[in-house]
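Here is a short walk through one protein model. Keep the structure open and follow along.

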Amino acid sequence: MHPHHIDTQSGSRPEEGKTPVLRLVAWETTRNCNLNCVHCRAAATRGPYSGELDTPAALQLLDQIAAVGRPIVIFTGGEPLLRPDVFDIASYGTELGLRMCLATNGTLVTAETCRHIKDAGIKMVSLSLDGSTAQVHDDFRNQPGAFEGTMNAIKLFNEHGIQFLINSSFTKRNKTEAPKIYALVKKLGATAWYLFMIVPTGRGEEIMEELIPESEYEDILNWHYDIEKEEDAMLVRPTCAPQYYRIVLQRSKAEGEKFQRRSLKFSTGG
């Protein structure tokens, strides 16, 4: 899987000489996963894997995080729902005043999962969607039925009032899907959509020939700029694409406009 990104765009820069505020921790709680995605940075697959923190050690880690700040903490993996103690750990983080979030591929989500998410005080869930159809998404995820599982998770999140955002990763095999996925994500009621440009690490190193060429990369980022400016646009972010902000500066200057960014808002409800 790609890094599951949740960006608040909140707070101010630290004063010179002062320690920056801890804003976000992405914690790979397990490498165990029920999928075998072509681009997975963790090269995750069915475990178990040795060396993963047990429950007492996981709670201790949250204590250490809370001692230095109150960041967003994202449980990722692998597939964090394969950890039997994931909601116990999340509940403890909520009690410490941390903003707990969950990154899942969606295929294991049930109505019971949704109840646990709300009881644990998890504020946001991210899901992966790499195609607008089962054919494309399931190919990317190396698992028939993965698309159906994600659609079911979205249906359940909407029914239970759980905020969710969508992460989408792109290579040559699915690059033409970006506009279709964006339209689908808006229709499905997601809070935000994050476009990921694959960084070749983990299993991603095995698909180097699928990386999007520079010129096409620029085309996608310019398209992203256009949709971000639309009046009815949802919150969108390009990720692992720092050159996007060069495009923003160049185009906003050329067009004589000030670029206004939306920010992610967390629900205050449980």
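This is a predicted model. Begin in the middle of its sheet. Strand β3, residues 99-104, pairs with strand β4, residues 124-128. The two run in the parallel sense and share four bridges. At one point along this pairing, Thr104 stands opposite Leu127 of β4.

Now widen the view. The sheet is open and has seven strands, with parallel pairing. Its order is β1-β2-β3-β4-β5-β6-β7. The edges are formed by β1 (24-28) and β7 (235-239), and each of these pairs on one side only. From one strand to the next, the twist averages 20 degrees.

Go to the β7 edge. Its partner is β6, which runs parallel to β7 and is joined to it by five bridges. One contact to look for is Phe196, whose bridge partner in β7 is Thr239. Is an edge strand such as β7 buried or exposed? Five of the five residues of β7 are buried, so the strand is largely enclosed by the rest of the structure. Both faces share in this. Leu235, Arg237 and Thr239 point one way, Val236 and Pro238 point the other way, and all are buried.

Next, turn to the helices. Helix α5 covers residues 146-160. It lies across β4 and β5 (164-170), and runs at about 160 degrees to β4. Ala153 is a good residue to stop at, since its place is in α5. With a relative accessibility of 0%, Ala153 counts as buried. What does Ala153 touch, beyond residues up to four places away in sequence? The answer is Gly106, Val109 and Leu127. Leu127 has already appeared, as the residue of β4 opposite Thr104. Val109 is 44 residues from Ala153 in sequence, yet the two C-alpha atoms are 5.5 Å apart in space.

Helix α5 also packs against α4, residues 134-141. Their axes are 7 Å apart and meet at an angle of about 105 degrees. That makes α4 roughly perpendicular to α5, because angles of 65 to 115 degrees count as such. On the α4 side, the contact uses Ala134, His137, Asp138 and Arg141. On the α5 side, it uses Ala146, Phe147 and Thr150. By class, this contact has three nonpolar, two polar and two charged residues.

Between these helices is a loop, and Asn142 is found in it. Most residues other than glycine have a negative phi. Asn142 has a positive phi of about 55 degrees, although it is not a glycine. Asn142 is partly exposed, with a relative accessible area of 42%.

Now look for rings. How many aromatic pairs does a search of the whole structure find? It finds seven. One of them is Phe157 with Phe164. The ring centres are 6.2 Å apart and the planes are at 40 degrees, so the pair is tilted. Phe157 has a relative accessible area of 0% and is buried. Phe164 counts as buried too, at 1%.

Another pair is Phe170 with Trp193. Here the centres are 6.4 Å apart and the planes are at 80 degrees, so the pair is edge-to-face. Planes over 60 degrees apart count as edge-to-face. Phe170 lies in β5 and Trp193 in β6 (residues 192-197), so the pair ties together parts that are 23 residues apart in sequence. Phe170 and Trp193 are both buried. They also belong to one aromatic cluster, along with Tyr182 and Trp223.

Two loop sites remain. The first is at Leu96, in the loop between α2 (86-95) and β3. Leu96 counts as partly exposed, at 22% relative accessibility. Outside its neighbours within four places in sequence, Leu96 is in contact with Leu62, Asp63, Ala66 and Arg70. Ala66 is 30 residues from Leu96 in sequence, and their C-alpha atoms are 6.6 Å apart.

The other site is the peptide bond between Gly77 and Gly78. Most peptide bonds are trans. The one joining Gly77 and Gly78 is cis, with omega about 15 degrees. Gly78 has its place in the loop between β2 (72-76) and α2.

Conventions. Residues are numbered from 1 along each chain as its sequence is written. This is a predicted model: local features need pLDDT of at least 70, side-chain atom pairs count only at pLDDT 80 or more; totals for chains, interfaces and linings use all residues. Side-chain values use heavy atoms; hydrogens and water are left out. Two strands pair if DSSP finds at least two bridges between them. Axes are lines fitted to C-alpha atoms, for helices over the stretch in contact, and angles run from 0 to 180 degrees between N-to-C directions. Contact means heavy atoms within 4.5 Å. Angles under 35 degrees count as roughly parallel, over 145 as roughly antiparallel, 65 to 115 as roughly perpendicular and the rest as oblique. Ala, Val, Leu, Ile, Met, Phe, Trp, Tyr, Cys and Pro count as nonpolar, Asp, Glu, Lys and Arg as charged, and the others, Gly among them, as polar. Rings of Phe, Tyr and Trp (its six-membered ring) pair if their centres lie within 6.5 Å; planes under 30 degrees apart count as stacked, over 60 as edge-to-face and the rest as tilted. Buried means under 20% relative accessible area, exposed over 50%, partly exposed in between (1.4 Å probe, protein chains only).
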